[in-house]
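Open the model in your viewer and keep the selection tool at hand. This tour goes stop by stop: what to select, and what is there.

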Amino acid sequence: MGPPVRIGRFGLYAFLVGMALFFAVPLLVVISTSLKSLDEIRHFSIFVPPSSRDFAAWWKAWYAACTGLNCGGVHVGFWNSVRILIPSVTLSVLAGALNGYALSHWRVPGADLILLALLLGAFIPYQVILYPLVKITSTIGIYSSLPGIIAVHILFGLPVMTLLFRNFYAGLPDELFKAARVDGAGFWRIFVSVMLPLSVNILIVATILQTTGIWNDYLLGLIFAGRENQPMTVQLNAIATTSTGEIEYNVNMAAALLTALPPLLVYFASGRFFVRGITAGAIKG
Amino acid sequence: MSGVVVRGLAKSYGPVRALRGIDLVVEPGDFAVLLGPSGCGKSTLLSAIAGLDDIDAGSIEIGGAEVTQREPSERGIAMVFQSYALYPTMTVRRNLSFGLRVRSVPKPEIERRVAWVSELLQIGGMLDRKPSQLSGGQRQRVAIGRALVQHAKVFLLDEPLSNLDAKLRTEMRVELKRLHQSLGATIIYVTHDQIEAMTLATRIAVMRAGMIEQYATPDVLYEQPATLFVAGFVGSPGMNFLSGSIARGPVPVARIETDTIPLDGYPLCSSSDDGREIIFGIRPEHVSLADHGTRGALIEADTLFIEPMGADTLGWFQYGSQRISARLPPQRARGLSGKVRLSLDIGQVSLFDPITEQRL
Amino acid sequence: MRIRNLAAKTVLTPTVLVMLVCFYGCAIWTAYLSVTRSAMLPNYQFAGFGQYIRLFATARWNVAWTNMFLFGVLDIVGTLGLGVLLAVLIDRQVRFEGAFRTIFLYPLSISFIVTGLTWQWVLSPTIGIQNFVRELGWSDFVFDWIVRPDRAIYTLVFAGVWHQSGLIMAIVLAGLRGIDREIWRATRVEAIPSWRAYLSIVLPMLRPLLVTCVVLIAIAVVRSYDLVVAMTGGGPGYASDLPGKFVVDFAFERANIGQASAAAAVMLGSVLTVLAPYLYLELSRRDR
């Protein structure tokens with residue numbers, strides 16, 4: 001032990017730092033460009049830090065950026081996304097919790113089949129059922145509307161949420177459930193008084209998973225939300241891909257940052273809950 | 001064959017001192033057992049000797065060479081882990097040969113060693129199976145085999161039998177003893193089971209709270225325990241401990257309850273004062289029912305209850321304010337009740353200082 | 001004690017119904033449409049495999065279909081490779097582990113739209129890397145893959161690997177941490193160097209986990225839409241098109257339900273092809 005090990009460790013850290021740069025630099029570039037003036041962007045490379053911090057582009061992105069049709073800025077999309085997010089997350093998490101609970105201890109006939117069906121459903125690409133869904137939602141009358149997009153988000157969240165909660169509740173000791181039943185509690189009573197209090201962590205995980213997924217959604221919002229309810233991601237893409245005149249990179253980048261900011265903040269605040277969320281979401285509970 | 005010499009070994013985990021100044025000499029060919037309750041530091045000591053954990057102070061020599069700074073693979077040791085640690089995705093054959101192949105041992109030599117170990121441990125039929133397809137006992141033998149193919153100087157075993165059921169444990173104990181005798185290897189073995197220690201070891205180090213309380217052969221440990229802890233830990237059923245005091249005189253005597261028990265023949269240190277408090281230790285097999293004409297110290301006690309244990313029966317008696325147990329032949333124990341007279345074999349007594357817990 | 005699970009059944013019924021109708025019913029509907037003569041409007045006349053023949057005769061679809069494999073293989077290899085490498089390195093007990101993990105994982109919290117746009121800007125010849133290197137002095141430096149029809153699809157790999165390696169790292173790291181520590185100690189006693197231990201012992205122990213990761217990335221590739229839209233818009237022209245985008249474009253912009261359904265059915269088939277052996281292995285493994 002001595003020099004060979006130290007070189008090895010040094011190389012390890014060097015590589016990790018290099019990788020950290022690979023991951024961090026694109027974001028840093030976007031941040032720094034958003035703080036530059038167009039003049040600066042034209043004359044200097046985006047990898048050069050800004051000469052001074054100018055939030056003008058951010059202001060413009062928020063209030064005045066143009067999506068080709070109107071120039072209201074992304075704040076419109078922001079509030080749309082919020083209005084879509086809150087009901088969708090609440091209802092899909094709740095639905096997942098209830099379904100997961102029902103499938104865990106209550107020995108429903110065919111539970112395994114249902115779980116398998118959910119697992120498969122989680123893998124179906126949106127595109128496969130997109131057109132039929134459009135037909136169904138327009139028949140019900142919720143196509144291209146806020147209730148429509150909320151319903152669709154709940155629908156696509158069902159498999160992962162149910163599996164997540166089901167695996168969690170199945171991991172709780174059976175005795176808890178049995179003791180409550182011996183005490184005379186029924187389905188709802190046990191859920192509210194026994195299961196929910198124990199579920200705080202998994203509820204946080206599920207909420208983070210759904211919040212990130214729904215906020216970052218593009219395709220479903222584009223198709224089902226309707227013109228007045230377009231989420232921020234849709235607006236962002238529209239802004240960044242309109243090519244009338246000179247491209248205002250600083251504004252586009254500011255808009256991108258504003259769109260990325262809410263889930264990024266959730267990410268930085270939630271630490272291991274986020275990690276648990278995405279790994280559980282990936283491995284389907 | 002190599003010996004192991006440990007000097008002044010100390011290790012702490014933060015504020016917890018896991019090992020406090022350990023000195024240990026294992027002669028070549030010894031089967032040294034580190035015995036003690038959980039948390040006493042025996043596994044820590046083994047890991048330190050193996051080089052798997054760093055130490056804070058002290059030195060370790062294996063086969064005469066100073067190895068304190070060396071990696072485990074450079075110490076000439078082989079280890080059998082409590083959970084066996086067999087490589088799950090490899091067959092038994094690969095498990096045995098992998099370490100050798102990494103060290104570039106020539107193929108014919110590898111095959112020779114694998115064949116030798118398979119024969120020795122009767123694992124030839126399992127060579128192409130994976131660990132998950134083997135039973136606990138079979139996995140254990142493979143783990144031992146993997147240690148043996150290394151041709152190490154010293155073998156370290158960390159509670160290898162603790163995951164086996166009782167019957168298998170007894171069988172494997174015999175196997176291990178046989179292996180030791182035929183190979184003449186130097187072995188350091190960790191266990192909390194004193195029966196294992198007593199049957200397998202040539203020398204036992206009884207450990208408590210990071211220190212070795214006594215390091216001696218099983219006989220000495222049993223008959224002349226150095227501390228109260230060793231006396232109570234070794235031997236089942238456990239030694240009786242009675243409180244009393246010493247009185248000097250023409251013949252030193254022990255005063256216990258209302259009796260005066262002569263201690264002729266007991267090698268008392270001269271520093272024992274008159275009236276000094278002592279703990280009087282005597283094993284149940286050295287307490288017997290007094291027949292007419294029995295010699296030795298006699299006491300009177302009330303029968304409390306009888307514990308049948310198969311070949312023997314343990315009788316419990318109330319002696320004044322203390323309890324004493326005696327090993328009795330079942331026939332005499334049956335129907336025993338009321339006051340009895342017990343005879344104590346003074347030649348087998350151990351006296352301890354109640355405060356220092358050292359032998360007097 | 002007979003469990004009265006009426007309430008449970010009642011709660012589950014709407015879910016089961018919705019699943020059946022929306023997921024499975026709709027999938028079957030799409031599959032059915034793919035064998036009809038639908039064009040702009042659904043036409044339920046049976047047309048055999050006509051739609052599929054037309055589909056595979058369409059240049060744009062062939063490009064998209066080939067792209068899926070080009071992008072997919074590179075994305076899987078890159079994401080898995082980098083993810084495993086990062087997990088292994090962090091498993092070596094590095095300091096600042098928390099900081100490294102935070103940096104490697106944050107791309108997962110942002111939308112694929114943001115990722116796509118960011119990498120579009122970074123790889124843009126006018127303001128991105130090519131521009132930067134030229135400004136440094138190499139005035140002949142060329143890195144304009146993103147606007148070249150023959151190279152555009154590969155640029156998606158950068159963004160894909162950047163976005164998802166962190167997920168693989170998190171999954172594999174959790175797996176590595178679950179390895180019995182005594183196995184590591186055994187390798188130290190046997191003089192097995194760490195890299196060899198990872199390669200021959202530890203990573204093979206994680207094989208089921210790694211297969212899961214491959215399946216995840218593969219399915220994400222099949223579904224890709226947001227990333228292509230934001231990064232290249234499928235261009236130049238349709239050079240970087242992918243099946244996921246093809247379906248949506250043909251269903252809504254080009255209003256050709258028949259072709260869109262056929263393409264969607266092919267997507268579904270791809271997912272099932274990846275999924276079927278995996279699920280079979282997983283389920284039989286769990287039963288054992």
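**Stop 1: hairpins of chain B**

Select B:Gly310: this residue takes a positive phi near 90° in the hairpin of β16(B) and β17(B), which has four residues between the strands. Keep in mind throughout that this is a predicted model.

Now widen the selection to both arms of that hairpin. Strand β16 covers residues 297-308 of chain B, and strand β17 covers residues 313-319. The two pair in the antiparallel sense over six bridges. To see one partnership, pick B:Ile306 and find its bridge partner in β17(B), B:Gly315.

Stay on β17(B) and add strand β18, residues 322-328 of chain B. How many bridges pair β17(B) with β18(B)? There are seven, in the antiparallel sense. Label B:Gln318, then B:Arg323, its bridge partner in β18(B). Two residues lie between the strands of this hairpin, and here B:Gly320 takes a positive phi near 60°.

**Stop 2: strand β9 and its partners**

Next, select β9(B), residues 203-208, together with strand β3, residues 31-35 of chain B. Do these strands run parallel or antiparallel? They run parallel, joined by four bridges. Pick B:Ala32 and look for its bridge partner in β9(B), B:Arg203.

Then add strand β10, residues 211-216 of chain B. Five bridges join β9(B) to β10(B), and these strands run antiparallel. B:Met207 has B:Ile212 as its bridge partner in β10(B). Zoom in on the turn. The hairpin of β9(B) and β10(B) has two residues between the strands, and B:Ala209 takes a positive phi near 50° there.

**Stop 3: a helix pair in chain B**

Leave the strands. Select helix α3, residues 107-121 of chain B, and helix α4, residues 136-149 of chain B. Their axes are 10 Å apart, and the helices pack at an angle of about 140°. That angle makes α3(B) oblique to α4(B). The crossing, as α3(B) passes α4(B), is right-handed.

Show side chains at the contact. From α3(B), select B:Arg113, B:Val114, B:Val117 and B:Leu121. They meet B:Arg141, B:Ile144, B:Gly145, B:Leu148 and B:Val149 of α4(B). Colour this contact by residue class: six are nonpolar, one is polar and two are charged.

**Stop 4: chain A**

Hide the rest and show chain A alone. What does its secondary structure come to? The count is 14 helices and zero strands. Turn the chain to view it along each principal axis: the C-alpha trace spans about 75 × 70 × 30 Å. Chain A has 285 residues, of which 48% count as buried. Look also at how the sequence folds back on itself: among contacts between residues at least 6 apart in sequence, 75% join residues at least 24 apart.

**Stop 5: where chain C touches chain A**

Bring chain C back beside chain A. Here 70 residues of chain C are in contact with 65 residues of chain A. Which helix gives the most to the side of chain C that touches chain A? Select helix α1 of chain C, residues 6-33, which gives 15 residues. Colour that side of chain C by class to find 53 nonpolar, 12 polar and five charged residues.

**Last stop: C:Leu199**

Finish in helix α9 of chain C, residues 194-205, and pick C:Leu199. Is this residue buried or exposed? C:Leu199 counts as exposed because it has 12 C-beta neighbours inside 10 Å. Now draw a distance to C:Ile153, 46 residues apart along the chain. The two C-alpha atoms are separated by 32 Å.

Methods. Residues are numbered from 1 along each chain as its sequence is written. Chains are lettered from A and ligands numbered from 1 in the order in which they are written. This is a predicted model: local features need pLDDT of at least 70, side-chain atom pairs count only at pLDDT 80 or more; totals for chains, interfaces and linings use all residues. Axes are lines fitted to C-alpha atoms, for helices over the stretch in contact, and angles run from 0 to 180 degrees between N-to-C directions. Angles under 35 degrees count as roughly parallel, over 145 as roughly antiparallel, 65 to 115 as roughly perpendicular and the rest as oblique. A crossing is left-handed if the near helix is turned anticlockwise from the far one by less than a right angle, and right-handed if clockwise. Two residues are in contact if their C-beta atoms, placed from the backbone, lie within 7 Å. Ala, Val, Leu, Ile, Met, Phe, Trp, Tyr, Cys and Pro count as nonpolar, Asp, Glu, Lys and Arg as charged, and the others, Gly among them, as polar. A residue is buried if 20 or more other C-beta atoms lie within 10 Å of its own, exposed if 12 or fewer, and partly exposed in between; C-beta atoms are placed from the backbone. Two strands pair if DSSP finds at least two bridges between them.
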